[in-house]
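Colleague: I would like to go through the labels on this model one by one. Please set each value against its cut-off.

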Amino acid sequence: MQIYFSGVAIAICTFLVIGLFHPLVIKVEYQTGTRYWWVFLLLGLVSIIGAFFVADVFISAIIGVIGASLLWSIGELFSQKKRVEKGWFPMNPKRKHEYSPIDKNETLCPVHHGKSRYAIEEDSNCEA
């Protein structure tokens with residue numbers, strides 16, 4: 001009986017690629033906001049088209065996974081902006097003007113009694 005490892009290897013590489021894109025999206029949104037979403041689009045399309053021209057199945061699959069992850073990251077980039085507006089992730093103070101104001105009493109997290117992190121910080125600053 002012969003054992004084939006290519007499927008498991010592709011799965012592991014897919015897991016690693018997705019794992020790399022999660023912090024990448026967070027970092028890109030923090031540094032530049034959503035203005036470079038088109039770079040993810042361009043690189044994603046190039047990667048997917050490039051995967052069609054690679055004969056090796058393993059390498060072609062990894063390039064395709066990278067392309068799909070780049071395209072998926074476009075939506076995640078805009079979702080990350082919303083997560084920042086809700087106070088779930090830190091806001092870049094240099095780009096504070098790019099975010100929409102949020103209602104301080106908006107229900108966001110039961111741990112913070114329905115207030116965003118920024119409203120909690122403002123309340124604690126007012127008490128001091």
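Colleague: What makes Leu 45 buried, partly exposed or exposed?

Modeller: First, a caution: this is a predicted model. Leu 45 has a relative accessible area of 41%. Buried means under 20% and exposed means over 50%. The value for Leu 45 falls in between, so Leu 45 is called partly exposed.

Colleague: Where does Leu 45 sit, and how far is its C-alpha from that of Leu 70?

Modeller: Leu 45 lies in helix H2. Its C-alpha is 8.5 Å from that of Leu 70, with the two positions 25 residues apart along the chain.

Colleague: How do you know whether Gly 7 is buried, partly exposed or exposed?

Modeller: Same test. Gly 7 has a relative accessible area of 48%. The limit for exposed is over 50%, and buried needs under 20%. Gly 7 meets neither condition, so it is partly exposed. Gly 7 belongs to helix H1. Along the chain, Gly 7 and Phe 58 are 51 residues apart, while their C-alpha atoms are separated by 8.5 Å.

Colleague: Why is Val 84 called buried?

Modeller: Its relative accessible area is 1%. The cut-off is under 20%, so Val 84 is buried. Val 84 has its place in helix H3. Its C-alpha is 8.8 Å from that of Tyr 30, although 54 residues separate them in sequence.

Colleague: What makes Ser 73 count as buried?

Modeller: Ser 73 has 3% relative accessibility. That is under 20%, so the label is buried. Ser 73 is in helix H3.

Colleague: Which residues does Ser 73 touch, leaving out those up to four places away in sequence?

Modeller: Phe 21, Val 25 and Phe 40. Two of these partners, Phe 21 and Val 25, are among the buried residues of H1. Phe 40 is on the buried list of H2.

Colleague: How do you know how the span of H2 compares with the expected one?

Modeller: H2 covers residues 37-51, which is 15 residues. From first C-alpha to last, H2 reaches 21 Å. The expected span at 1.5 Å a residue is 21 Å, and the two are close.

Colleague: Why do you say that the buried residues of H2 line one face?

Modeller: The buried residues are Phe 40, Gly 44, Ser 47 and Ala 51. Seen down the axis of H2, they fall within an arc of 70°, so they line one face of the helix. Their cover includes helix H1 (6-32) and helix H3 (57-85).

Colleague: And H1: how does its reach compare with the expected span?

Modeller: H1 has 27 residues and reaches 37 Å, close to the expected 39 Å. Its buried residues are Val 17, Phe 21, Val 25, Val 28, Glu 29 and Thr 32. These pack against H2 and H3. After H1 comes Gly 33, with a positive phi near 75°.

Colleague: What lines the second largest pocket, and which residues lie nearest its centre?

Modeller: The lining has 14 residues; nearest the centre are Ile 18, Phe 21, Trp 72, Ser 73 and Glu 76. The pocket volume is about 210 Å³. H3 gives the largest share of the lining, eight residues. H1 and H3 each supply at least two.

Colleague: How does that lining divide by residue type?

Modeller: Seven are nonpolar, five polar and two charged. Trp counts as nonpolar, Ser as polar and Glu as charged. On that scheme, Trp 72, Ser 73 and Glu 76 in the lining stand for the three classes.

Colleague: What is the element count for the whole chain?

Modeller: Four helices and zero strands. From the N terminus on, the order is α-α-α-α.

Colleague: What share of the chain is buried, and what share of its contacts joins residues 24 or more positions apart?

Modeller: Of the 128 residues, 26% are buried. Counting contacts with a separation of 6 or more, 59% are between residues 24 or more positions apart.

Terms used
Residues are numbered from 1 along each chain as its sequence is written. This is a predicted model: local features need pLDDT of at least 70, side-chain atom pairs count only at pLDDT 80 or more; totals for chains, interfaces and linings use all residues. Side-chain values use heavy atoms; hydrogens and water are left out. The expected span of a helix is 1.5 Å times one less than its number of residues. Buried means under 20% relative accessible area, exposed over 50%, partly exposed in between (1.4 Å probe, protein chains only). The arc is that of the directions from the helix axis to the C-beta atoms. Contact means heavy atoms within 4.5 Å. On a 1 Å grid over the protein atoms alone, a cavity is a set of points where a 1.4 Å probe fits but cannot get out, and a pocket is an open set with protein on both sides within 12 Å along at least five of seven lines; lining residues have an atom within 4 Å of a point. Grid points are joined across faces, edges and corners, and a volume is the space filled by probe spheres set on the points.
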